[in-house]
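Trainee: I would like to learn how to read the features of a model like this one. Could we go through them in turn?

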Amino acid sequence: MENLFQVGIISSTHGIKGEVKVFPTTDDAKRFKKLKEVLLDTGKERLCLEIESVKFFKQFVILKFKDYDNINDIEKYKGKSLFVTRENAVKLKKDEYFIADLIGIEVISEDDALKGRLTDVIQTGANDVYVIRLEDGRELLLPAIKDCILNVNLEEGRMTVHVLDGLLD
């Protein structure tokens, strides 16, 4: 299971006092208000940055990090990703999972007739859709609803599903 989750990407600087514009990659950008720190992946190392202030501008989050008070201190991090640890991640409700934990999980139909791997999650307005690459090379698009997803066991890396009539035609 993943221990780090991406929450944003630094898109540019904002002003000259060390603030950055962050494009949020999390479902809820407002969660930045509750975050105390993030991990910055520089490509060579991960830096723990303490969040000093949070503002919102259009689709961006404006962050100011403690001890980064100048545009020159922060400019080199444009395009870099921000992460949180699993402990600082959003708390999940029952039957909710992080997409990063689902990718690569083994998928088996309830009658053992189909086997494959979950390769992607498509987020739609109504419900997520799981993209499953079957062993025979076909691709199954399975809605993430209770009728289809019977069991998810992250420890075993396995998901049991029911394929509704017509989904494989």
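Mentor: We will take the sheets, then two loop residues, then the cysteines, and last the pockets. Keep in mind that this is a predicted model.

Trainee: How should I read strand pairing, and which strands form the closed barrel?

Mentor: Strands of a sheet pair through backbone hydrogen bonds, either parallel or antiparallel. Here, a closed barrel of 6 strands follows the order β1-β2-β5-β4-β3-β6, and its pairing is antiparallel. Neighbouring strands in this barrel are turned by 50 degrees against each other on average, direction ignored.

Trainee: How many bridges hold β1 and β2 together?

Mentor: The two strands pair over 6 bridges in the antiparallel sense, with β2 covering residues 19-24. As a single example, S12 has K21 of β2 as its bridge partner.

Trainee: What is the strand order of the open sheet?

Mentor: The open sheet has 6 strands in the order β10-β9-β8-β7-β12-β11, and the pairing is mixed. Its edge strands, β10 (139-143) and β11, each pair on one side only. On average, neighbouring strands of this sheet are turned by 35 degrees against each other, direction ignored. Within the sheet, β7 (residues 106-109) runs antiparallel to β8 and is joined to it by 3 bridges. E106 has R117 in β8 as its bridge partner.

Trainee: Now the backbone angles. Which residue between β5 and α1 should I look at?

Mentor: Look at D67, in the loop between β5 (60-65) and α1 (71-74). D67 is not a glycine, yet its phi is positive, about 75 degrees. The residue counts as exposed because its relative accessible area is 62%, above the 50% cut-off.

Trainee: Where is D112, and is it buried or exposed?

Mentor: D112 sits in the loop between β7 and β8. With a relative accessible area of 52%, D112 is exposed. Its phi is also positive, near 60 degrees, in a residue other than glycine.

Trainee: How many disulfides are there?

Mentor: A disulfide is a covalent bond between the sulfur atoms of two cysteines. A search of the whole structure finds 0 of them. As for cysteine exposure, C148 is buried at a relative accessible area of 0%, whereas C48 is partly exposed at 46%.

Trainee: On to the pockets. What is the volume of the largest pocket, and which residues lie nearest its centre?

Mentor: Its volume is about 990 Å³. The lining has 32 residues, and D27, L92, Y97, F98 and I99 lie nearest the centre. Elements that give two or more residues to this lining are β1 (4-14), α2 (99-102), β8 (115-123), β9 (128-134) and β11 (149-153). β11 gives the most, with 4 residues. By class, the lining has 18 nonpolar, 5 polar and 9 charged residues.

Trainee: What lines the second largest pocket?

Mentor: The second largest pocket has a volume of about 180 Å³. Its lining residues are D28, K30, R31, K34, L35, K36, E37, N88, A89, V90 and K91. By class, 3 are nonpolar, 1 is polar and 7 are charged.

Trainee: Where does E37 belong among the strands?

Mentor: E37 is found in β3 (residues 37-41), a strand of the closed barrel. At a relative accessible area of 37%, E37 is partly exposed. The C-alpha atoms of E37 and H14 are separated by 19 Å, and the two residues are 23 residues apart along the chain.

Key:
Residues are numbered from 1 along each chain as its sequence is written. This is a predicted model: local features need pLDDT of at least 70, side-chain atom pairs count only at pLDDT 80 or more; totals for chains, interfaces and linings use all residues. Side-chain values use heavy atoms; hydrogens and water are left out. A disulfide is a pair of cysteine sulfur atoms within 2.5 Å. Buried means under 20% relative accessible area, exposed over 50%, partly exposed in between (1.4 Å probe, protein chains only). On a 1 Å grid over the protein atoms alone, a cavity is a set of points where a 1.4 Å probe fits but cannot get out, and a pocket is an open set with protein on both sides within 12 Å along at least five of seven lines; lining residues have an atom within 4 Å of a point. Grid points are joined across faces, edges and corners, and a volume is the space filled by probe spheres set on the points. Ala, Val, Leu, Ile, Met, Phe, Trp, Tyr, Cys and Pro count as nonpolar, Asp, Glu, Lys and Arg as charged, and the others, Gly among them, as polar. Two strands pair if DSSP finds at least two bridges between them. Axes are lines fitted to C-alpha atoms, for helices over the stretch in contact, and angles run from 0 to 180 degrees between N-to-C directions.
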